[in-house]
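These are my notebook entries on a structure that I was looking through from the beginning. I wrote down each thing I looked up, in the order in which I came to it.

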Amino acid sequence: MYVVLEGVDCVGKSTQIKLLKDYFKDALFTFEPGNTKLGKELRKLLLNSDFDICKEAECLLFLADRAQHFNELISKNKDKLIISDRSLISGMAYAKDFDKELLFRLNSFALSDFFPDKIIFLKADENTLKARLNSKNLDSIEKRGLEYFLQIQRKIEESILFLKEKKQNISYIILDAKDDKHIINKKIKDFIND
C-alpha cells in the first residue's frame with residue numbers, strides 16, 4: 001500500500017512520520033522533494049537559490065524530482081507499505097497557477113500512472129499556522145507568508161478531491177492539525193490499518 005501524508009509546512013507531518021516509524025517498523029518511509037541524490041540537489045536549488053526561477057521551471061524541477069523518486073524508491077518497493085511525507089498532491093497544489101488536468105497528466109507521466117492508495121491530509125486553521133510559522137527559521141518558500149500557505153492548503157484539498165475524481169479507488173482522511181499529536185496518530189494508524 002502506498003500512503004501519503006499531505007499538508008503545508010508546520011502542520012505536524014514530520015512528528016507523525018516519527019510516531020508512525022515506531023509502529024510500522026517494516027514500512028518504507030520516504031519524502032518528497034529531495035530523497036534522492038538528484039532530489040537533494042534540486043531541493044537545494046529550489047529552496048535556497050539567490051535568483052528567481054520561473055514558475056514553469058519550478059514545476060518541471062519538482063516533476064523531475066518526483067520521477068527520480070518514483071524510479072529509485074517507490075517502483076522498487078511496491079510490495080511494501082510505503083509511507084511518504086508529501087506526494088504529487090503537494091506538487092499539484094504548489095503549482096497552483098497551472099491547469100489541474102495538465103498537472104495530472106504530467107504527474108501521471110512522472111509516476112508511470114502509479115498513485116497513492118490512501119491520503120492523510122493534516123489541515124491547520126489560520127491561527128495555528130501563523131503561530132507555527134512564526135516559531136521557526138523560514139526557507140525561501142516559507143517566506144512567501146501566511147496567506148500563501150492558506151492558499152496552498154486550499155489547493156491541497158482541491159487536488160485531493162480532483163485526484164479522487166480521477167482515481168476512484170483512492171481513499172483520504174482530513175485531520176485537524178491542532179489536535180493532540182497522539183489523537184492524530186491513532187486516527188492515522190486506524191485509517192492505514194482499515
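Which backbone oxygen does the side chain of Lys 13 reach at 3.1 Å? I looked this up in what is a predicted model, and I found that the oxygen belongs to Gly 7. I then noted a further backbone oxygen for this side chain, that of Val 8, which the side chain of Lys 13 reaches at 3.2 Å.

**Entry on Lys 13**

I placed Lys 13 in helix H1 and read its relative accessibility as 6%, so I entered Lys 13 as buried. I looked for a salt bridge and found that Lys 13 has none, although it is buried; the nearest side chain of opposite charge is that of Asp 85, 4.2 Å away. The cut-off explains this entry, because a salt bridge needs the side-chain nitrogen within 4 Å of a carboxyl oxygen. Leaving aside residues up to four places away in sequence, I listed the residues that Lys 13 touches, and among them are Leu 5, Glu 6, Asp 85, Arg 86 and Leu 122.

**Entry on the annotated stretch**

I checked the UniProt record, where an unreviewed entry places the feature "binding site" at Gly 7, Val 8, Asp 9, Cys 10, Val 11, Gly 12, Lys 13 and Ser 14. Of these I looked up Val 8, which lies in the loop between strand S1 (2-6) and helix H1 (13-23) and is buried, with a relative accessible area of 0%. With residues up to four places away in sequence not counted, the contacts of Val 8 include Lys 13, Arg 86, Tyr 94, Leu 129 and Phe 149.

I also looked up Cys 10, which I found in the loop between S1 and H1; its relative accessible area is 18%, so Cys 10 is buried. The phi angle of Cys 10 is near 80°, and I marked this as a positive value in a residue other than glycine.

**Entry on Arg 86 and Pro 33**

I noted a positive phi for Arg 86 too, near 85°, again in a residue other than glycine. I located Arg 86 in the loop between S3 and helix H4 (88-94), and with a relative accessible area of 12% I entered Arg 86 as buried. Going through the backbone, I came upon a cis peptide bond that joins Glu 32 and Pro 33, with omega about -10°; Pro 33 lies in the loop between strand S2 (28-31) and helix H2 (37-48).

**Entry on aromatic rings**

I counted the aromatic pairs and arrived at 7. In one of them, the rings of Tyr 2 and Phe 114 have their centres 5.6 Å apart and their planes at 15°, so I wrote the pair down as stacked. This pair links distant parts of the chain, since Tyr 2 is in strand S1 and Phe 114 is in the loop between helix H5 (100-110) and strand S4 (118-123), 112 residues apart. I found Tyr 2 buried, with a relative accessible area of 2%. I looked next at Tyr 148 and Phe 149, which form an edge-to-face pair, 5.6 Å centre to centre and with 85° between the planes, and I noted that both are buried. I also entered one aromatic cluster, formed by Tyr 2, Phe 70 and Phe 114.

**Entry on Asp 79**

Is Asp 79 buried or exposed? I read a relative accessibility of 68%, so Asp 79 counts as exposed. I found it in the loop between helix H3 (55-74) and strand S3 (82-85).

Notes:
Residues are numbered from 1 along each chain as its sequence is written. This is a predicted model: local features need pLDDT of at least 70, side-chain atom pairs count only at pLDDT 80 or more; totals for chains, interfaces and linings use all residues. Side-chain values use heavy atoms; hydrogens and water are left out. UniProt positions are given in the numbering used here, feature names are shortened, and annotations may be inferred rather than shown by experiment. Helices (H or I, at least four residues) and strands (E, at least two) are DSSP runs, numbered from the N terminus. Buried means under 20% relative accessible area, exposed over 50%, partly exposed in between (1.4 Å probe, protein chains only). Contact means heavy atoms within 4.5 Å. Lys and Arg count as positive and Asp and Glu as negative; His and the chain ends are not counted. A polar contact is a pair of N or O atoms within 3.5 Å; within protein, one must be able to donate a hydrogen and the other to accept it, and residues adjacent in sequence count only if both atoms are side-chain atoms. Rings of Phe, Tyr and Trp (its six-membered ring) pair if their centres lie within 6.5 Å; planes under 30 degrees apart count as stacked, over 60 as edge-to-face and the rest as tilted.
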